[in-house]
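Welcome! Here is a short guided tour of one protein chain, meant to be read with the structure open beside you. Take your time and find each residue as we come to it.

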Amino acid sequence: NYPNPFNSATQIQYDIPEYSKVLLIIYDITGRKIAVLYNGYKNPGHHTMTLDASKFVSGLYFLEINITSGNKSIIFRDIKKILYIQ
């Protein structure tokens with residue numbers, strides 16, 4: 001995501017190689033799921049999503065991205081730390 005740390009919104013960018021299911025989830029520091037940003041299918045290519053965190057409290061969060069192919073195997077999974085400062 002960029003910028004990181006951020007103060008109200010941040011851009012999340014990712015690339016996918018083929019038509020895939022994308023799942024973007026935000027967790028708080030305790031591991032509690034805060035928000036599902038996206039859960040659906042995307043065409044191959046570069047994608048950008050804006051996270052509006054104006055209703056979050058300041059702190060450290062985790063962004064998880066899962067990309068699953070048509071045959072249900074995981075192509076990519078990653079977790080990034082993001083820091084929100086009001």
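## A patch on the surface

Ile29, Leu60, Leu83 and Ile85 make a nonpolar surface patch of about 310 Å². Keep in mind as you look around that this is a predicted model. From the patch we will go to the core, then to the charged pairs, and finally to a few single spots along the chain.

**More on the patch**

- Leu83, one of the patch residues, has its place in strand 6.
- Is Leu83 buried, partly exposed or exposed? Leu83 is partly exposed, because its relative accessible area is 32%, and the partly exposed class lies between 20% and 50%.

**The nonpolar core**

- As background, nonpolar side chains in soluble globular proteins tend to be buried together.
- The largest nonpolar core here has 17 residues, and those touching the most other members are Tyr14, Leu24, Ile26, Leu51, Phe56 and Ile82.
- Which elements give two or more residues to this core? They are strand 1 (9-16), strand 2 (20-27), strand 4 (45-52), strand 5 (59-68) and strand 6 (74-84).
- Strand 5 gives the most to this core, with four residues.
- Leu24 is a good core residue to click on: leaving aside neighbours within four places in sequence, Leu24 is in contact with Tyr14, Ala35, Val36, Leu37, Tyr38, Met49, Leu63, Glu64 and Ile65.

**Salt bridges**

- Side chains of opposite charge can pair when their charged atoms come close.
- How many salt bridges does the structure hold? The structure holds three salt bridges.
- One of them pairs Arg32 with Asp28, and the closest N and O atoms are 3.0 Å apart.
- The two partners of that pair fall into separate exposure classes: Arg32 counts as exposed because its relative accessibility is 53%, while Asp28 counts as buried because its relative accessibility is 10%.
- Another salt bridge joins Arg77 and Glu64, with 2.9 Å between the closest N and O atoms.
- This pair links distant parts of the chain, as Arg77 is in strand 6 and Glu64 is in strand 5, 13 residues apart.
- Glu64 is buried, because its relative accessible area is 7%, and buried means under 20%.
- Asp78 and Lys80 also form a salt bridge, in which the closest N and O atoms are 3.2 Å apart.
- Asp78 counts as partly exposed because its relative accessibility is 25%, and Lys80 also counts as partly exposed, at 45%.

**Asn66, a partner of Glu64**

- Asn66 is found in strand 5, and a polar contact of 3.1 Å joins its side chain to that of Glu64.
- Buried or exposed: which word fits Asn66? Asn66 counts as buried, because its relative accessibility is 11%.
- Leaving aside neighbours within four places in sequence, Asn66 is in contact with Lys21, Val22, Leu23, Phe76 and Arg77.
- Arg77 therefore appears twice in this tour: Arg77 forms a salt bridge with Glu64, and Arg77 is in contact with Asn66.

**His46 and its polar contacts**

- His46 is found in strand 4 and counts as partly exposed, because its relative accessibility is 48%.
- Which residues does His46 touch, not counting those up to four places away in sequence? His46 touches Gln13, Tyr14 and Asp15.
- The side chains of His46 and Gln13 are joined by a polar contact of 3.3 Å, and those of His46 and Asp15 by a polar contact of 2.8 Å.
- C-alpha to C-alpha, His46 and Leu24 are 15 Å apart in space, with their positions 22 residues apart in sequence.

**Cis peptide bonds and a loop residue**

- Tyr2 and Pro3 are joined by a cis peptide bond, with omega about -5°.
- A cis peptide bond also joins Asn4 and Pro5, where omega is about 10°.
- Pro3 is found in the segment before strand 1, and Pro5 is found in the segment before strand 1 too.
- Val57 is found in the loop between strand 4 and strand 5, and Val57 is exposed because its relative accessible area is 59%.
- Val57 and Asn7 are 50 residues apart in sequence and 10 Å apart in space, C-alpha to C-alpha.

Definitions and conventions: Residues are numbered from 1 along each chain as its sequence is written. This is a predicted model: local features need pLDDT of at least 70, side-chain atom pairs count only at pLDDT 80 or more; totals for chains, interfaces and linings use all residues. Side-chain values use heavy atoms; hydrogens and water are left out. A nonpolar core is a set of buried Ala, Val, Leu, Ile, Met, Phe, Trp, Tyr and Cys residues joined through side-chain atoms within 4.5 Å. Buried means under 20% relative accessible area, exposed over 50%, partly exposed in between (1.4 Å probe, protein chains only). Contact means heavy atoms within 4.5 Å. A polar contact is a pair of N or O atoms within 3.5 Å; within protein, one must be able to donate a hydrogen and the other to accept it, and residues adjacent in sequence count only if both atoms are side-chain atoms. Patches are made of residues with over 30% relative accessible area and no salt bridge: like charges are joined within 9 Å, nonpolar side chains (Val, Leu, Ile, Met, Phe, Trp, Tyr) within 5 Å. Accessible areas come from the Shrake-Rupley method with a 1.4 Å probe; for residues, only the protein chains shown count as cover. A salt bridge is a side-chain nitrogen of Lys or Arg within 4 Å of a carboxyl oxygen of Asp or Glu.
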